[in-house]
Every structure is written in structure tokens, then in C-alpha cells.
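This report describes the packing of one helix and the unusual backbone geometry found elsewhere in the chain. The sequence and the structure are shown first.

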Amino acid sequence: MKKIKIYTDGACSGNPGPGGWGAVLIYGAHRKEISGGEAQTTNNRMEILGVIRGLELLKEPCEVALYSDSRYVVDAIEKGWAVRWQKNNWMRTKKDPALNADLWEILLALLENHSVTFHWVKGHAGHPENERCDELARAAIHTV
């Protein structure tokens, strides 16, 4: 399997409000930057969407090291929350629905195609790829 690094970030101006996501994919000497946005969204949706859009670009099963500054995204996958929500018909508890179920459904399906290890990185702490993803996400807000 090809080994890919994907860095992602999401941003929102207001929460909810206009938002953007950014991703940087690195494979050997190759690098691809992508971004996009939505007119009315939340920061958490943009964080998840950055991961989805990065994984969607992969044309074959890959070994992916995915880096995000979103504890929500990293913990939901690494601690098994998203899988549990899915098994519980997208309920976090008996009374509370899981938010962003539509995006979690897509992400969980994408994860079945790849071997993905999630890594949390501290945001706004000088990590070059995380900083670049933040720039892409914030710039994408202004395109919606």
C-alpha cells in the first residue's frame, strides 16, 4: 500500500456561519492542497469534511497517517465513538442524537477502504502543515 500523509483543518466564521476546510496530502515528493467551504455550517462539520475530502482523493487503498487539530474528529474515530453512534442508530445516548451523522456515515465508509491512523496535533502551535491547512480553510470561507 502507498503511504500517504493527510493534514486537515476546518474553520468557521461564527458557529454556525460560513465555513471552510483545508487539506494537504503528501505522498513522497508529491503534494496536493485542496479546500472548500459552505455558506452555513459549523466548525465541527468543516473539520470532518476536510478529512472526508482528503480521503476521497485516494484512488486505491492506502496506508494513511492523518493529522488533525480537532479532538472531536480524532477522538470520535480513535475512541470508537462514531462506530458506537452508528450502531446506536446515530444516538449518543438514549436521548441525545449524534451530531453530523451524515458526515460520520461517509467518513466511516471511507475508512473501510484504507488503513488510517489518526494523530492529534495542537492547532496554532507552529506545525507547518497544520498552519497551511488553517490558511486554506480560512481562505475558503471567503469563497462561499
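Helices H2 and H4 are oblique to each other, a class that takes in the angles left over when those under 35 degrees count as roughly parallel, over 145 as roughly antiparallel and 65 to 115 as roughly perpendicular. The model is predicted: local features need pLDDT of at least 70 and side-chain atom pairs count only at pLDDT 80 or more, whereas totals for chains, interfaces and linings use all residues. Residues are numbered from 1 along each chain as its sequence is written, and side-chain values use heavy atoms, with hydrogens and water left out.

The axes of H2 (residues 71–78) and H4 (residues 101–111) cross at roughly 55 degrees and come within 12 Å. Axes here are lines fitted to C-alpha atoms, for helices over the stretch in contact, with angles from 0 to 180 degrees between N-to-C directions. Helices (H or I, at least four residues) and strands (E, at least two) are DSSP runs, numbered from the N terminus. The crossing of H2 past H4 is right-handed, meaning that the near helix is turned clockwise from the far one by less than a right angle.

On the H2 side, Tyr72, Val73, Ala76 and Ile77 meet Trp104, Leu107, Leu108 and Leu111 of H4, contact being heavy atoms within 4.5 Å. This contact comprises eight nonpolar residues, with no polar and no charged ones; Ala, Val, Leu, Ile, Met, Phe, Trp, Tyr, Cys and Pro count as nonpolar, Asp, Glu, Lys and Arg as charged, and the others, Gly among them, as polar.

Because six of its eight residues are buried, H2 is largely enclosed by the rest of the structure. Buried means under 20% relative accessible area, exposed over 50% and partly exposed in between (1.4 Å probe, protein chains only). The buried residues of H2 are Tyr72, Val73, Val74, Asp75, Ala76 and Ile77. Their cover includes helix H1 (43–56), strand S4 (62–68), helix H3 (81–87), H4 and strand S5 (115–120). Just after H2, glycine 80 has a positive phi of about 80 degrees.

Most residues other than glycine have a negative phi, and most peptide bonds are trans. Two residues other than glycine with positive phi are tabulated below.

| Residue | Phi | Loop | Relative accessible area |
|---|---|---|---|
| Asparagine 100 | about 65 degrees | between H3 and H4 | 13%, buried |
| Histidine 124 | near 55 degrees | between S5 and helix H5 (128–141) | 58%, exposed |

The peptide bond from asparagine 15 to proline 16 is cis, with omega near 15 degrees. Proline 16 lies in the loop between strand S1 (2–12) and strand S2 (17–27).
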